[in-house]
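Visitor: I would like a close look at a single part of this structure, with the surroundings described after it. Please keep it plain.

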Amino acid sequence: MVRLWIRAELSYPASFAMLVVGSMMINALDFASIAIMFSSIDSLGGFGLREIALLYGVTGVGIGVADTAIGSVERIGEFVRTGRLDQMLTKPVPLLVQVCADRFTLRRLGRITQATVVLVWALPVVDWTPTRLLVAVLMVLSSTALFFGLFVLFSCVQFWTHDASEFANAFTYGGNTLTQYPLTVFPRELAIALTFVLPIAFVNWYPCLYLLGRDDPFGLPEWLQFCSPVAAAAVVTVALLVWRTGVRRYTSTGS
Amino acid sequence: MLHVAVATRAFRRYSTYRAATLAGIFTNSVFGVIYSFAYLALWAQNPDAGGYDANDAVTFVWLGQALLMTVALWGGGTTDDLAERIRTGDVAIDLYRPVGLVGWYLAADLGRALYHFLTRGLAPTVVGFVLFDISLPSSPAAGICFLLSIPLAVTVSFGLRFLVASTAFWLLDATGPRILSGALALFFSGMALPLVLFPGWLGALAESLPWAAMIQVPNDIWLGRYTGVGLIGALAFQAGWALALLAACQVVLRLATRKVVVQGG
């Protein structure tokens, strides 16, 4: 199924090439904007450019990989409307897996590559130890899982209202943009909300505090810095539960 | 008269997407908040960066969010319809109309832009006032010129988007060029970062390119960066690019209709 979509995409080779280049450019220009900020200042929120590059790279890779994995989840409302969902429910493969394999696209490859480049550039700013390496690997995996959970969770809104798919963007892409900046840029209340209510701060901020050997600027407990896998697991669990509720409601109302 | 009818119909057509509009306003507001804090942090480090003060910068953010859909920075205007109709071959019907194709789509796009201006334009501006106390236009003249600069900004954007959509005549699928163009628009319009912060030659280049006419120029008019004759100059900059791009559209269209490969016949 995934192979089919890749082949379909490659049938317009010139446009596909421009798509990938364009995607890399969007993201290259995205970090370029942050870099240009540093032609006017030396630090933002108490963080230097390479430190921010670390934050940026991790959140970029996380959302990039998650975005690739979710396939058409963002368009679940469309499937409901067109009746395609009924078709998919008859198959023996779990619905979520089918939806994720639908319209698989390599478009995000540009974003992932660019974020990885920025991340690699940022690596020297960390004083590496084996523990830090472990935390870093878990951080990237958790980041991906967390974004995946957010994509699924907020796409579930479409089981209830069919027209609000852009609503999810505020949390997913908004979450990504927000975490490109050190949380010190934001008010304390917001940082706390992003820790305990919508745990986006675990995508990069907390593990990076550990990697950079910094004390929590908001005075929050140090053990939070090791909790990104926990946060990711929580978000994914909630997402899957809501997804199951949404599907069940859909099938029980007889569409 | 016909163009007005086209514009009105487009306005009405886009006004049916109500829930999407509300969701969109929410998204605009979230990004507005994020960038506002980021810029406040920057201006805290450098209070006079780019000749703006912190309040100017935050106002810039919300104006940008307000104009985003109006100028259709990433596409989403009537030119998307055009690209699709080129791909399916339906554009042949458009070419038989007694009205010029460029004029037709421009009129429709302006109608759409008015709807987006009234909804996704005003709403984020109000949110900006409430949350961040952004500033009003620096003078009545600035306010009027800001309003004048909007249709000019939309036209410049339209010209660029039309050219991008036209690539479908040759490439059949205009998605790639559209995403590429969106990337350039995001960066060079000042949307990603105000162009006043761009150093040296990059800044000079950015402020002379057409994308600057879409976000940077209207915002600067509001903020009072131009006064007196300078205001006329800013509007003339936009008008100049608008005319040049529309002329390019006509040229490309003529090339395309001569060489057209209409799919399906």
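Visitor: In which loop of chain B is B:Ser138 found?

Guide: B:Ser138 sits in the loop of chain B between helix H6 (101-132) and H7. Bear in mind that this is a predicted model. Its scores are ipTM 0.87 and pTM 0.89. Chain B has a mean pLDDT of 90, with 97% of its residues at 70 or more. Within chain B, confidence is highest in helix H11 (residues 216-223), at 96, and lowest in helix H5 (residues 91-95), at a mean of 82.

First, the residue itself. B:Ser138 has 18 C-beta neighbours inside 10 Å; buried would take 20 or more and exposed 12 or fewer, so B:Ser138 counts as partly exposed. Leaving aside residues up to four places away in sequence, B:Ser138 touches B:Leu223 and B:Gly224. B:Ser138 and B:Leu223 are separated by 85 residues in sequence, yet their C-alpha atoms are 5.7 Å apart in space.

Next, the helix that follows the loop. H7(B) covers residues 140-166, and its axis comes within 8 Å of that of H11(B), with a crossing angle of roughly 175 degrees. Angles over 145 count as roughly antiparallel, so H7(B) is roughly antiparallel to H11(B). From H7(B), the residues in this contact are B:Ala142, B:Cys145, B:Phe146, B:Ser149, B:Ile150 and B:Ala153. They meet B:Val217, B:Pro218, B:Ile221 and B:Trp222 of H11(B). Many of these positions are spaced three or four apart within their helix, for which there is a general reason. An α-helix has 3.6 residues a turn, so residues three or four places apart point the same way. By type, the residues of the contact of H7(B) with H11(B) are nine nonpolar, one polar and no charged.

On the other side of the loop is H6(B), which packs with helix H4 (residues 78-88) of chain B at about 140 degrees, the axes being 8 Å apart. That angle makes H4(B) oblique to H6(B), because only values over 145 count as roughly antiparallel. Here B:Thr78, B:Thr79 and B:Leu82 of H4(B) meet B:Tyr105, B:Ala108, B:Asp109 and B:Arg112 of H6(B). The contact of H4(B) with H6(B) divides into three nonpolar, two polar and two charged residues.

Further along chain B is H9(B), with 14 residues and a reach of 20 Å from first C-alpha to last, close to the 20 Å expected at 1.5 Å a residue. Of its 14 residues, 13 are buried, so H9(B) is largely enclosed by the rest of the structure. Just after H9(B), B:Gly190 has a positive phi of about 100 degrees.

H9(B) also leads to the other chain. The contact between the chains takes 36 residues from chain A and 33 residues from chain B. On the side of chain B, the elements giving two or more residues are helix H2 (18-45) and helix H9 (175-188). H2(B) supplies the largest share of that side, 14 residues. The side of chain B that touches chain A consists of 25 nonpolar, seven polar and one charged.

Notes. Residues are numbered from 1 along each chain as its sequence is written. Chains are lettered from A and ligands numbered from 1 in the order in which they are written. This is a predicted model: local features need pLDDT of at least 70, side-chain atom pairs count only at pLDDT 80 or more; totals for chains, interfaces and linings use all residues. Two residues are in contact if their C-beta atoms, placed from the backbone, lie within 7 Å. Helices (H or I, at least four residues) and strands (E, at least two) are DSSP runs, numbered from the N terminus. Ala, Val, Leu, Ile, Met, Phe, Trp, Tyr, Cys and Pro count as nonpolar, Asp, Glu, Lys and Arg as charged, and the others, Gly among them, as polar. pLDDT is the predictor's confidence in each residue, from 0 to 100. Axes are lines fitted to C-alpha atoms, for helices over the stretch in contact, and angles run from 0 to 180 degrees between N-to-C directions. Angles under 35 degrees count as roughly parallel, over 145 as roughly antiparallel, 65 to 115 as roughly perpendicular and the rest as oblique. The expected span of a helix is 1.5 Å times one less than its number of residues.
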